[in-house]
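Here are a few exercises to work through with the model open in your viewer. Try each task before reading its solution.

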Amino acid sequence: MKFTHPTFLGLALGFFCTSVSVHASSLDNFIRNRMELFDITPYQTQSLEQTDEFQSKMRLGRMLFMDTNLSGNRNISCMVCHHPMRGTSDGLPLSQTVDGKGVLKRNSPGLYNVGDKFSTFMFWDGRVHFHPTKKVFTTPEPALNGPTPQAAEIAKAMTSALAAQAIFPLVSHEEMSGKKGENEIADAKTNLEAWDLIIKRITQETNGAGYINLFNRAFPGQPKMNIGHVGEAIATFERYQFQSNTSGFHRYVAGDNSAMTEQEKRGFVVFMDRGRCIACHQGNLLGLNTFFASVGVPSYGAKPFEMDIGRGEINNERFRAFFFKTPSLINVALTAPYFHNGAFSTIREVLNHYNNIEKSLNTYTITDERRKLFPVEVEVRNSQKDLSELFASIEAGFLRNGLGLSSAELDDLEAFLTGALTDPKWDPRGPKSKK
């Protein structure tokens, strides 16, 4: 029986989570039995198609991804917040506003394997969703939603949650469009109007002919370019450009027993057993991007700060307050800082948090050195009421009770996360030797 649902995983872990002492000669067999139990199978990336239509869509998406003309004041592109040399993010605890004078309440997530078929929810709170069978969107823009959307031509042009996600930062005053009064896009009265103005800008100005030519080749038979095509092209580029499947972990899952060190293997055992990380971080990407959970992340932000309740803000799901999307852990060593608000700078800090969440919440502070990363004053919400609400939101009893991992187990788990899950293709630190 394969355990692929968090509830069943929790039951499985209740039976199998024991202190494991395994001889090196049988360690690989033990791990592979565990991988079968948790349905961890080799990951297959999607092959690049050689058709002119696909290649044109890739080129169109690449151009749009790097084009500052998509932003209201022509000063920021998608790549600014998702830079390959910064772990496909921006490396900041909280992303800055478009003018650099403020911060958003969350950080910019990485893009590794973001186009995986299971990635049907986008943003930390999952406010963009695409039902792959019904072909229906749920987004902050009502005109895109449901089986018969008002903006049908836009919705029809997009085939994934990733495509829909790409068009929303463009109309966010804090992220890309700028303040009202600064440009025509920021002054638009609706999202639909703003998106039309963006299309007008990129097709009628300096590089307009190039965009129209690529659009005609990427979307043959489509009479007119709309913002849905922009989202679809960007999503195509991101889906194929940021694939990652050559980490030691991926090669080990594919059958190469030498792809991970002995310590990394021991860490993988902790990951699946005593650490119970597998309860949330499932599948061959160790996170399917479809599961939301509260793990008691410390709450802080620009002063005065209202607590960010994440999924609890969506569709009045207050019962899921402080729930955020569980991301894939592939290349996690490259995507610091961690959690939706960058609360922790290192993987070891994250592990210490999980090991004793109650202590972590009660002692969490922002150092003076870290405060210098923010262009504004930030504060931690740590009143007794705040901490009680955060702690109470944690569903998993084993997290509330603390993992109780030893220093040696934490070392092994950290080695697995930082070493085995890092794809040398994306590691700017260069190849690492296996000892």
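Buried means under 20% relative accessible area, exposed means over 50%, and partly exposed is anything in between. Keep in mind that this is a predicted model.

**Exercise 1.** Work out how many disulfides the structure holds, and sort Cys78 and Cys81 by burial.

*Solution.* Start with the cut-off: a disulfide needs two cysteine sulfur atoms within 2.5 Å. Next, take the sulfur of Cys78: the closest cysteine sulfur sits in Cys81, 8.7 Å away, which is too far for a bond. Going the other way, the closest cysteine sulfur to that of Cys81 is in Cys78, again at 8.7 Å. The count of disulfides is zero. Now burial: Cys78 has a relative accessible area of 12%, so it's buried. Cys81 comes in at 21%, so it's partly exposed.

**Exercise 2.** Find the strand order of the open sheet and name its edge strands.

*Solution.* The three strands run in the order S1-S2-S3, with antiparallel pairing. S1 (121–122) and S3 (136–138) are the edge strands, each pairing on one side only. Zoom in on S1 and S2 (residues 128–131): two bridges join them in the antiparallel sense. For Phe121, the bridge partner in S2 is His129.

**Exercise 3.** Classify how helices H3 and H10 are oriented to each other.

*Solution.* H3 (residues 52–65) and H10 (residues 227–241) pack with axes 7 Å apart, at an angle of about 100°. Angles of 65 to 115 degrees count as roughly perpendicular, so that's the label for H3 and H10. Contact residues include Phe54 and Met58 of H3, and Val230 and Phe237 of H10. By class, the contact has 10 nonpolar, three polar and three charged residues.

Technical notes: Residues are numbered from 1 along each chain as its sequence is written. This is a predicted model: local features need pLDDT of at least 70, side-chain atom pairs count only at pLDDT 80 or more; totals for chains, interfaces and linings use all residues. Side-chain values use heavy atoms; hydrogens and water are left out. Buried means under 20% relative accessible area, exposed over 50%, partly exposed in between (1.4 Å probe, protein chains only). Two strands pair if DSSP finds at least two bridges between them. Helices (H or I, at least four residues) and strands (E, at least two) are DSSP runs, numbered from the N terminus. Axes are lines fitted to C-alpha atoms, for helices over the stretch in contact, and angles run from 0 to 180 degrees between N-to-C directions. Angles under 35 degrees count as roughly parallel, over 145 as roughly antiparallel, 65 to 115 as roughly perpendicular and the rest as oblique. Contact means heavy atoms within 4.5 Å. Ala, Val, Leu, Ile, Met, Phe, Trp, Tyr, Cys and Pro count as nonpolar, Asp, Glu, Lys and Arg as charged, and the others, Gly among them, as polar.
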